[in-house]
Structure formats: structure tokens, C-alpha cells
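Visitor: I have not looked at this structure before, and I would like to learn how to read its features one at a time. Could you take me through a few of them?

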Amino acid sequence: MFNHTTVLLQETVDGLNIRPDGVYVDCTLGGAGHSEYLVKQLSDEGHLYCFDQDATAIAHAQVKLKDYLHRITFIHSNFKFIKEQLEMHGIEKVDGILYDLGVSSPQLDTPERGFSYHNDAPLDMRMDQSAELTAYHVVNEWSFEDLVRIFYRYGEEKFSKQIARKIEAARETSPIETTGQLVELIKDGIPAFARRKGGHPAKRIFQAIRIAVNDELGAAETSLQDALDLLAVGGRVSVITFHSLEDRLCKTLFKEASSMPELPPNLPMIPAGMEPKFKLITRKPILPSEEELEQNNRSRSAKLRIVEKIKE
């Protein structure tokens with residue numbers, strides 16, 4: 001089963017100001033909720049390109065969107081290759097691009113994918129199951145210093161060194177094979193008083209390893225920068241983020257793109273051609289409504305930001 005409740009559905013797609021004959025990109029097809037809502041608003045002159053590195057998600061979407069396949073091109077690829085992949089399809093400019101940077105529910109709910117600290121499963125965490133790097137390699141082969149680095153940087157875990165030491169000691173005896181073993185080592189590395197607050201004690205370390213395995217932040221930065229370049233005038237980018245690192249990255253890129261360059265003080269007016277190419281549609285992120293939070297607890301940390309291209 002591929003059950004997934006789409007987060008901020010209408011806010012994300014409606015925020016793109018859909019034109020029926022426009023060209024759009026869903027960079028994170030997942031359960032195809034955003035794509036379904038978007039493609040229904042297109043005419044036969046419009047088109048939607050859908051990216052996903054998970055072949056299971058694409059197979060599911062091809063069934064779910066079977067009535068609209070003439071308006072859709074599925075691309076089995078990481079969204080960091082958005083520019084190259086669209087060029088291969090003869091596309092140089094698009095009218096809107098959306099991202100939902102969360103892990104899809106089917107990935108979390110499939111124990112053998114190894115994303116969840118609630119199930120005991122092999123250490124995997126690959127979104128692209130043909131990729132070589134897995135959570136097993138990170139946990140068993142990366143140095144103490146590299147583990148500490150990703151735990152601090154991607155998990156913002158205060159007890160990174162203590163947890164990395166537990167992992168380092170355990171793997172000297174035998175490899176750490178499963179998520180269950182890793183959860184116990186993480187618990188051992190966190191003092192009892194700290195384990196009792198802030199949610200599940202393994203949450204931040206699992207997030208850090210998942211980001212490292214899938215190069216999530218690097219891919220997101222590359223793709224978002226290319227997305228801004230790909231927009232036609234009037235086109236928009238919508239991005240849903242789920243943790244502070246993603247949101248900070250998105251906020252910074254959008255702010256830089258929509259800000260004036262540094263100018264000499266006391267200029268009477270902004271010189272022609274110096275105006276920013278983009279404007280923020282959302283100065284503060286859009287959050288899920290109370291109604292959505294009641295229906296889908298996984299939306300609680302979602303934030304939506306939108307930017308529009310206003311000139312070449």
C-alpha cells in the first residue's frame with residue numbers, strides 16, 4: 001500500500017498561480033497528492049514534469065494519475081538534476097516548481113527501508129534504492145569525527161560526541177546491523193534526564209544520518225538555485241520544509257534572490273537594472289491550519305515559502 005496524506009496541498013499548488021497551459025514541475029512526486037491537484041487544473045496544452053528517485057513512488061503515481069498521463073512526464077531522478085533532466089526534454093523555462101522536502105509516509109511506514117526508529121530493520125535509509133551509500137556504511141565505517149560532524153550539523157544533537165563514542169565502541173566488537181541496535185546505543189549516549197524531553201531520543205540522530213545518506217541539504221541547495229534560474233517571468237517556486245536546517249536554507253536563498261544588491265549610501269533612486277529579479281510571496285512561512293493538524297499529525301513541523309520571478 002502507498003498511503004500518504006499530502007501536506008499543505010492547496011496552499012502549495014494554489015501559491016503557484018496555475019495557468020492551464022503552463023509548464024510545471026513537481027520535484028518531489030511522492031504520493032502524487034500535489035501532482036494530482038495540479039494536473040487537474042491544466043488543459044491539454046499544459047504539462048507537468050514529476051521527479052522522484054524512488055521507483056516505487058513513480059509506479060504508484062502512474063496508476064493514481066492514469067487519466068492524466070498525456071499531460072505528465074515522469075522522471076526517475078534526484079531533483080538536484082532538474083536542469084539537466086529538463087534540458088533533455090527540451091525545456092528551458094517553466095511557470096512553476098514545487099518541493100515537498102519531507103520523507104513520504106510510505107517510506108517511513110515500510111520498516112525494511114530503515115527510516116523509522118519505531119521499527120527494528122536493517123540500516124538503510126536510502127531514498128534511491130540503487131544508491132551505494134546506506135545508513136549501515138555511515139554508522140559502521142565513518143570516523144568518529146565525521147559522525148560527530150553530521151550529528152551536530154544535521155541533527156543539532158547536543159550529545160553528539162557521547163553517542164558517537166557509544167557507536168565507535170560497539171562496532172569494535174561487531175557491526176551495528178539494525179535500527180533497533182542503533183536506537184539502544186543512542187539512548188545509552190544520552191543522559192537519563194535529557195531522554196525524558198524533546199520527543200524520541202533517536203529522532204535527531206536518525207534525521208542526521210538520513211540527511212547524510214541522501215545528501216539532502218546539498219541536493220536541495222543545488223536544485224533550488226537551478227529552479228530559480230529555470231523560472232519564466234511570473235513563475236513561482238513553492239517549498240515545504242520540515243526542519244530548521246531545510247527552512248533556513250530555503251529562507252536564505254529566497255532572501256538573497258529577492259534583495260537589492262549593496263548600493264552606495266544616499267542614492268536618490270535605485271539605478272535601472274539593479275532591482276531584484278524576485279519578490280517574496282510569503283514574508284513569513286505558511287503553516288498548516290488547526291484542521292490540518294488535527295487530521296495529519298505529521299504536518300506539525302511543515303512550513304511553506306513561495307517566491308516569484310518578476311524580471312529577467
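Guide: Let us begin with a pair of helices, keeping in mind that this is a predicted model. Here α9 passes α11 in a right-handed crossing, and the residues of this contact divide into 6 nonpolar, 1 polar and no charged.

Visitor: Which residues of α9 and α11 meet there?

Guide: From α9 come T179, L182, V183 and I186, and they meet I205, F206 and I209 of α11.

Visitor: At what angle do α9 and α11 pack, and how far apart are their axes?

Guide: The two helices pack at an angle of about 125°, and their axes are 10 Å apart. Angles of 65 to 115 degrees count as roughly perpendicular and those over 145 as roughly antiparallel, so α9 and α11 are oblique to each other.

Visitor: How should I read a helix such as α11 by itself, beginning with its length?

Guide: One can compare the distance between the end C-alpha atoms with the span expected at 1.5 Å a residue. Helix α11 covers residues 203-214, and its 12 residues reach 17 Å, close to the 16 Å expected. Just after α11, D215 takes a positive phi of about 45°.

Visitor: Is α11 mostly covered or mostly uncovered?

Guide: It is mostly covered, since 10 of the 12 residues of α11 are buried. Among them are I205, F206 and I209, the residues that α11 brings to its contact with α9. The buried residues also include Q207, R210 and N214.

Visitor: Which helices do the buried residues of α11 pack against?

Guide: They pack against α6, α7, α8, α9, α12 and α13.

Visitor: Since α7 is in that list, how does its span compare with what is expected at 1.5 Å a residue?

Guide: The 12 residues of α7 should span 16 Å, and its end C-alpha atoms are 15 Å apart, which agrees. Just after α7, E156 takes a positive phi of about 50°.

Visitor: Which residues of α7 are buried, and what covers them?

Guide: The buried residues of α7 are F144, L147, V148, I150, F151, Y154 and G155. Their cover includes α6, α8, α11, α12 and α13. A general idea helps in reading such a list: an α-helix has 3.6 residues a turn, so residues three or four places apart point the same way.

Visitor: How do α8 and α9 cross?

Guide: Their axes come within 8 Å and cross at roughly 130°, and α8 and α9 are therefore oblique to each other. The crossing in which α8 passes α9 is right-handed. By class, this contact has 6 nonpolar, 2 polar and 2 charged residues. On the side of α8 the residues are Q162, I163, K166, I167 and A170, while α9 supplies L182, L185, I186, D188 and G189.

Visitor: Can we turn to single residues, and is D247 buried or exposed?

Guide: A residue under 20% relative accessible area is called buried, so D247, at 7% relative accessibility, counts as buried. D247 lies in helix α13. Leaving aside neighbours within four places in sequence, D247 is in contact with T241, K303 and R305.

Visitor: Where is E275 found, and what does it touch?

Guide: E275 is found in the loop between α13 and β6, and with a relative accessible area of 34% it is partly exposed. Not counting residues up to four places away in sequence, E275 touches M260, I270 and K311. The C-alpha atoms of E275 and P261 are separated by 8.0 Å, the two residues being 14 residues apart along the chain.

Definitions and conventions. Residues numbered from 1 in each chain as written. Predicted model: local features only at pLDDT ≥ 70, side-chain atom pairs only at ≥ 80, totals over all residues. Heavy atoms only, no water. Helix = DSSP H or I, 4+ residues; strand = E, 2+ residues; numbered from the N terminus. Expected span 1.5 Å × (residues − 1). Buried < 20%, exposed > 50% of the residue type's maximum accessible area, 1.4 Å probe, protein only. Contact = heavy atoms within 4.5 Å. Axes fitted to C-alpha atoms, helices over the stretch in contact; angles between N-to-C directions. Parallel < 35°, antiparallel > 145°, perpendicular 65-115°, else oblique. Left-handed = near helix turned anticlockwise from the far one by under 90°. Nonpolar A, V, L, I, M, F, W, Y, C, P; charged D, E, K, R; others polar.
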